[in-house]
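This report concerns backbone geometry and the principal pocket of a protein model. The structure is displayed below for reference.

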Amino acid sequence: MQVTETLNEGLTRGYEITIAAADLAAKVDEKIKEAQPNIEMKGFRKGKVPLALLKKQHGPAVMGEAMQEAVDGAMNKLLEDNGDRPAMQPEIKMTNEDWKEGDDIVVSASYEALPEIPEPDMSGVSLEKLVVKATDADIDDALKNIASSAQTFADRAEGEAAESGDQITIDFAGKVDGELFDGGSAEDYPLVLGSNSFIPGFEEQLIGKKVGEDVAVNVQFPAEYGAENLAGKDAVFDCKVKAVKAPAEAEINDELAKQFGAEDLAALKSQVAERLESEYAGASRAVLKRGLLDALDGKVDFDLPPSLVKAEADAIAHQLWHDENPEVEGHDHPEIEATEEHKTLAVRRVRLGLLLAELGRQKEIQVSDAEMTQAIMNQARQYPGQERQFFEFVQQNAQMQQQLRAPLFEDKVVDYIVENADVTEKEVSKEELEKAVEALDEA
């Protein structure tokens, strides 16, 4: 293999690599000899097919594999020899396009090398960890929310009319063109008015009705309704109101606690306090991490691979555009150009990302298989009923694995730095922590 450097500017590298025809031919012969013992051919015993015949029949296919392996091997040796770590996949092109068997292979290889990253001097850097305790008022507010979610209904006084938010019990029979249709009738059906669980216009016509009233509800099925025989059709539902109940919050007592898996109210309060303080701790960590990253950003400065900065700036611009245009779910939209603000943010993110990656590499920080499995399971819960399929998808998708591994790795590096840094705790109120979190978005 012959290597000639063609470009060395900043972090950009370029090389011309020549692989001798004799070396390629030797690799082809080697691969055919490896396969010979397992090849069967009419007229020959297994493993006894002559090499010349095998090369004639399988040479072209083996040649392609051998060329790819030769180029990959040459590239790996080049990187090993010069100690470079490419920022992105090297671009490799065959330059002698009129290549034929017996010719040397000549390829051009180019990439941007990762820079030498100095270890930051953390002396003089102090971090502040905000600590929030769950107060009785916080716990009471949380219990009220729990009670609200466990809402019950109580009968309205005799003669009171149904209001939006009430639960009414009805018998109903739906007809289209005067004929009953399948699935259009029920007895003792509990319906919360305003829940929009029935087709548009149905629930509104029951507001103001009382127990014992008969109501003819006139509606039109939506044009895109699932049942084709009903889509767009006018319908009449004959309804009888059998009960009207107003919403009533559940009482905060032992019975409520048992509904949520606690032994009694005291146990539920303890669980709520733990959950709140866990949430506060998560928010506090986000503030602490931002403080650490700000400190690191001011401690180091090194050249950045332009391709990484551009990719990050484009990703930021693209994500922000979708945040501002949530109705566009796909990528069929005008080209989005990164602004100077996006590029400035990208520079910070790339610099800090490379720094944390290098610190993690130096300290041999690893994401364990158990941690990855837990992360995959957490993601899988977002797809109820399809957890197994999601798990198998991730197991077979290296890019998805990297997307899950990267934040885990970064958090572990941050934890390592924090453990070895000068950290002081400061007890603050929930409101002060909320302001600190809001400031993260504004920065």
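The following paragraphs treat two residues with positive phi and then the largest pocket.

**Backbone geometry**

The model is a predicted one. Most residues other than glycine have a negative phi. Two residues with positive values are set out in the table.

| Residue | Phi | Place | Relative accessibility |
|---|---|---|---|
| D188 | near 55 degrees | strand β8 (residues 179–192) | 45% |
| E364 | about 55 degrees | loop between α7 (340–362) and α8 (369–380) | 65% |

D188 belongs to strand β8, and its phi is positive although the residue is not a glycine. Because its relative accessibility is 45%, D188 counts as partly exposed. E364, likewise not a glycine, has a positive phi and is placed in the loop that joins α7 and α8. With a relative accessible area of 65%, over the 50% cut-off, E364 is therefore exposed.

**The largest pocket**

The volume of the largest pocket is about 1600 Å³. Its lining comprises 42 residues, of which E312, R349, V350, G353 and E410 are the closest to the centre. Which elements give two or more residues to this lining? They are α5 (265–297), α6 (306–324), α7 and α10 (398–419). The largest share, 12 residues, is supplied by α7.

Classified by residue type, the lining of the largest pocket contains 20 nonpolar, 12 polar and 10 charged residues.

Terms used. Residues numbered from 1 in each chain as written. Predicted model: local features only at pLDDT ≥ 70, side-chain atom pairs only at ≥ 80, totals over all residues. Heavy atoms only, no water. Helix = DSSP H or I, 4+ residues; strand = E, 2+ residues; numbered from the N terminus. Buried < 20%, exposed > 50% of the residue type's maximum accessible area, 1.4 Å probe, protein only. 1 Å grid on protein atoms, 1.4 Å probe; cavity = no way out; pocket = protein on both sides within 12 Å on 5 of 7 lines; lining within 4 Å. Points joined across faces, edges and corners; volume = space filled by probe spheres on them. Nonpolar A, V, L, I, M, F, W, Y, C, P; charged D, E, K, R; others polar.
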